[in-house]
Every structure is written in structure tokens, then in C-alpha cells.
Amino acid sequence: MTQPAGGNGSAATPGWSAPGAPPPPGAASTPSAASTPGAPSAPGAAFPPGAAVPPGIPAPQYPPQAQYPPQAPAYAGSGAPGNALPAAHWSSALTAHKPGIIPLRPLGLGDMIEGGFAAMRRNPRTFFGLALLVTLAVVVLLGALGALGYLAATTLGGSASDAVLAVGAVGGLTLLYALSAVTGVVLTGMLSYPVGEAVLGRKPTTGEVWRHTRRMIPRLTGLCLLLLVPVVAVFGGLIALVVLAFSRGSDAGGVVALLAVFVAVGLTAYVTIRLVLATPALVLEDLGVVASLKRSWQLTDGRFWRTLGVLIVTGLLVGIVQQVLGFGFQFAGMALGFGLVSTTHGDPNGPLLAIVTVGTSVLGAGLAALLTQPFSAAVSALLYTDARIRAEGFDLALARAVSGAPVGL
């Protein structure tokens with residue numbers, strides 16, 4: 001027995017016909033996109049664009065084209081805030097986009113920590129090379145000054161020699177603190193550029209970083225002095241007032257001066273957090289000293305506690321590495337010194353043990369700084385990037401730069 005055209009032993013399946021033929025009488029309506037949830041409900045919406053629509057059936061209506069958020073500013077020359085975009089305008093495709101060390105979206109603490117390590121891992125020659133050059137410059141300068149002080153002390157002799165050594169020790173510690181602060185700011189500024197490039201998936205060389213940032217070194221030095229000198233002057237004056245008040249028997253005056261010191265500590269911490277993004281802003285936006293301070297104050301507005309939390313976690317990580325390396329090298333130096341003393345049958349209280357111990361301690365401190373300063377600089381630059389993403393929709397500008405659009409960096 002021959003089966004009908006339907007192939008299932010019954011009448012042909014209703015609704016199936018040759019292309020372009022009218023439906024058979026009494027047949028069920030062909031399922032169309034109009035009955036699909038979310039599709040246009042207008043008649044004729046089942047016809048795709050460009051298809052012939054039978055007479056008497058209105059043309060299908062399509063939703064308007066999606067509108068995208070306005071463009072956000074780029075790094076260079078954008079001292080004014082850009083278009084603040086609500087979180088609803090961030091598309092899921094852009095959120096998942098990660099051309100470099102971070103995804104182009106608002107960053108979490110884990111993103112910044114991971115991005116800091118990723119920046120150093122992708123371009124170790126640039127990060128550690130610049131850190132090594134800066135550290136060597138400081139060590140050579142301090143060594144030269146120490147040698148000059150020693151020659152002056154041995155030439156004078158007597159009580160004058162002791163005075164020169166005392167002044168040299170105090171001056172050396174002060175100079176070491178000042179140089180550490182200045183070189184820390186300069187290194188953070190110089191390394192902000194390769195971090196900004198690593199966000200876009202680029203890998204600048206050490207020479208490229210130097211050519212881009214060397215003209216900014218005077219501004220970075222001025223920024224450090226502008227932040228450092230007022231703090232030293234205020235705390236120096238307050239401590240002098242405390243000592244003077246207690247030395248003259250004015251307990252009330254001494255207590256008031258001590259309270260003023262604690263208030264100054266709190267205000268200094270608050271201002272430091274608000275101005276922590278000045279260094280990357282100066283380099284990445286090519287700003288002046290005062291303009292970079294204003295920019296940092298603007299970007300940290302409403303984000304004080306978030307910025308403080310990121311800096312505390314970063315400081316804890318850096319402190320752990322420094323303490324572990326410092327203790328390890330100090331212990332190794334003492335063991336090496338005692339070994340040399342016992343081998344040479346020297347005096348345990350002689351200078352050999354002290355020289356070896358101090359030398360290895362200084363080596364450990366230098367190695368710790370070499371490893372931790374690039375990481376701190378990278379996190380600082382990523383904290384600046386995150387602040388701009390949250391305040392200005394900066395992830396859109398970065399996405400444009402990745403796609404080849406002319407965005408200044």
C-alpha cells in the first residue's frame with residue numbers, strides 16, 4: 001500500500017507546501033517569528049528583510065538600531081573629567097575584554113594585585129632594569145658621600161673628627177630618607193608608562209620608557225619635594241614645641257602639642273591618600289605638578305576608603321617580602337661573618353663580623369626594594385586606571401585604543 005506524501009501513513013502533514021505556494025484550505029497557520037516571545041507582533045513580521053511580501057500584508061517593523069554610550073576621554077590632555085557613565089551602559093562584551101594585564105572594566109582588589117604581578121612578569125627587563133638603575137644611582141651617590149666624609153674625618157683627627165663623623169651620620173640618614181622618597185616617586189612615575197601600555201597589551205622597551213619619561217623627571221622631583229617638605233616642616237615644628245614645653249615645665253603646653261602631633265598625623269594620612277594618584281596622573285596625562293595634585297584629589301573624591309584599602313593590602317604584601325628578605329640576608333650575614341671569624345681565628349668583636357653583617361643586610365634591603373618598588377608602582381598606576389574607569393568610563397577609551405582608534409596615551 002502506497003503511503004501518502006506525508007510519509008507517516010496518514011494524510012500529508014498540514015502546512016507543508018512548495019515554496020511560494022499558498023497554504024492549503026483549513027491548514028493551520030505556519031509558525032512565524034510573530035508568535036515567538038520577544039519578536040515584533042506586527043503582521044508580516046515573519047518575513048525576513050529583503051523578502052517579497054504578498055500584497056495586502058504590511059511590511060514588518062524592526063526595532064531601532066542600538067545606541068552606544070558616548071566616547072570617553074583618553075590619557076593625554078584630559079585634565080577635565082569625561083562623561084560619567086552608569087554601570088548599565090557597560091556591555092558584557094566590553095566587560096570580558098582583556099587585551100593586556102587587566103580586563104577593561106572596573107577593577108577589584110584581586111585584579112590590581114594580579115595585574116601588578118602580570119606587568120612585571122610580561123616585561124621584567126624594563127621594570128627591574130629601571131629599578132636597578134635607580135637603586136644603583138642612589139647607592140653610588142651615598143657611597144661617594146660616605147667616602148668623602150671618611151676622608152674628611154681622618155684628615156682632621158681629634159675632636160673635630162668625632163664631630164664630623166656625628167654630623168655625617170645624621171646627614172647621611174637624612175639624605176638617605178630624602179633620596180629614597182625622591183627616587184621612589186621618580187621610579188613610580190617612570191614605571192607608570194609601561195603599566196599604561198601593558199593595559200593595552202603593549203610591551204615598551206627600557207629605551208622607549210626612558211625617552212618618554214626623562215623630560216618628566218624634574219616635575220616628578222618637584223612633586224616629591226612639594227609633598228615632603230611641608231610634612232617635614234610641620235612635624236619638625238610640632239616636635240620642637242613638645243620638647244620645649246616639657247623642658248620648661250609646662251605640662252599643659254606639652255599635652256596640647258602632643259595632641260597637635262596626633263591631629264597632624266591624621267590629616268597627613270588623609271591628604272596622602274587623596275594625593276596618591278598624582279604621580280601616575282603626571283606621567284600618563286602629561287600634567288604639571290599642581291595640576292597632577294588637583295587631578296588626584298578629583299579622582300579620589302568619594303573613593304577614599306577604597307583607595308586606603310588597596311594601599312594597605314599592597315603595603316602588607318610589600319612589607320612581608322621586605323621583612324622575609326631582610327631577615328634572611330641578615331641571618332646569612334651573621335652566619336657568614338662568624339664562619340669567617342672562626343676560620344681566620346680573628347676577634348669576634350672585631351670589625352670583620354660587623355662589616356659582613358652590615359654588608360649583607362644592605363644587600364638584602366636593596367634586593368627587597370628592587371623586587372617591591374616595581375610592584376608598588378604597578379598597583380598605583382592600576383589604581384589610577386580604575387579610578388578613571390569608574391569616574392569617566394575610561395574603559396571605553398582604552399577599548400578604542402586597542403581597536404586602533406587614535407587615542408592619545
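**Figure 1. Close-up of W305, an exposed residue in a predicted model.** W305 has a relative accessible area of 66% and is therefore classed as exposed, the cut-off being over 50%. F304, at 17% relative accessibility, counts as buried. The rings of F304 and W305 form an edge-to-face aromatic pair, with 5.0 Å from centre to centre and 80° between the planes.

**Figure 2. Close-up of the aromatic pair made by Y270 and F304.** Four aromatic pairs are counted in the predicted model. In one of them, Y270 and F304 lie 5.0 Å apart, centre to centre, and the angle of 40° between their planes makes the pair tilted. Y270 belongs to helix α7 (residues 251-274) and F304 to helix α10 (residues 304-344), so this pair ties together parts that are 34 residues apart in sequence. Y270 has a relative accessibility of 35% and counts as partly exposed, whereas F304 counts as buried.

**Figure 3. Close-up of the aromatic cluster and the charge beside W297.** One aromatic cluster is formed by Y270, W297, F304 and W305. R274 places its charged end over the ring of W297, at 4.0 Å from the ring centre.

**Figure 4. Close-up of D286 in the loop between α8 and α9.** This loop runs between helix α8 (278-284) and helix α9 (289-299). Most residues other than glycine have a negative phi. D286 is not a glycine, yet its phi is positive, near 55°. With a relative accessible area of 36%, D286 is partly exposed.

**Figure 5. Close-up of helix α12, residues 394-402.** Of the nine residues in this helix, seven are buried, so α12 is largely enclosed by the rest of the structure. The buried residues are F394, D395, L396, A397, L398, A399 and A401. A residue is called buried here because its relative accessible area is under 20%.

**Figure 6. Close-up of R388 and the ring of F394.** The charged end of R388 sits over the ring of F394, 4.1 Å from the centre of that ring. F394 is one of the buried residues of helix α12.

Definitions and conventions
Residues are numbered from 1 along each chain as its sequence is written. This is a predicted model: local features need pLDDT of at least 70, side-chain atom pairs count only at pLDDT 80 or more; totals for chains, interfaces and linings use all residues. Side-chain values use heavy atoms; hydrogens and water are left out. Rings of Phe, Tyr and Trp (its six-membered ring) pair if their centres lie within 6.5 Å; planes under 30 degrees apart count as stacked, over 60 as edge-to-face and the rest as tilted. Helices (H or I, at least four residues) and strands (E, at least two) are DSSP runs, numbered from the N terminus. Buried means under 20% relative accessible area, exposed over 50%, partly exposed in between (1.4 Å probe, protein chains only). A charge sits over a ring if NZ of Lys or CZ of Arg is within 6 Å of the ring centre and within 35 degrees of the ring normal.
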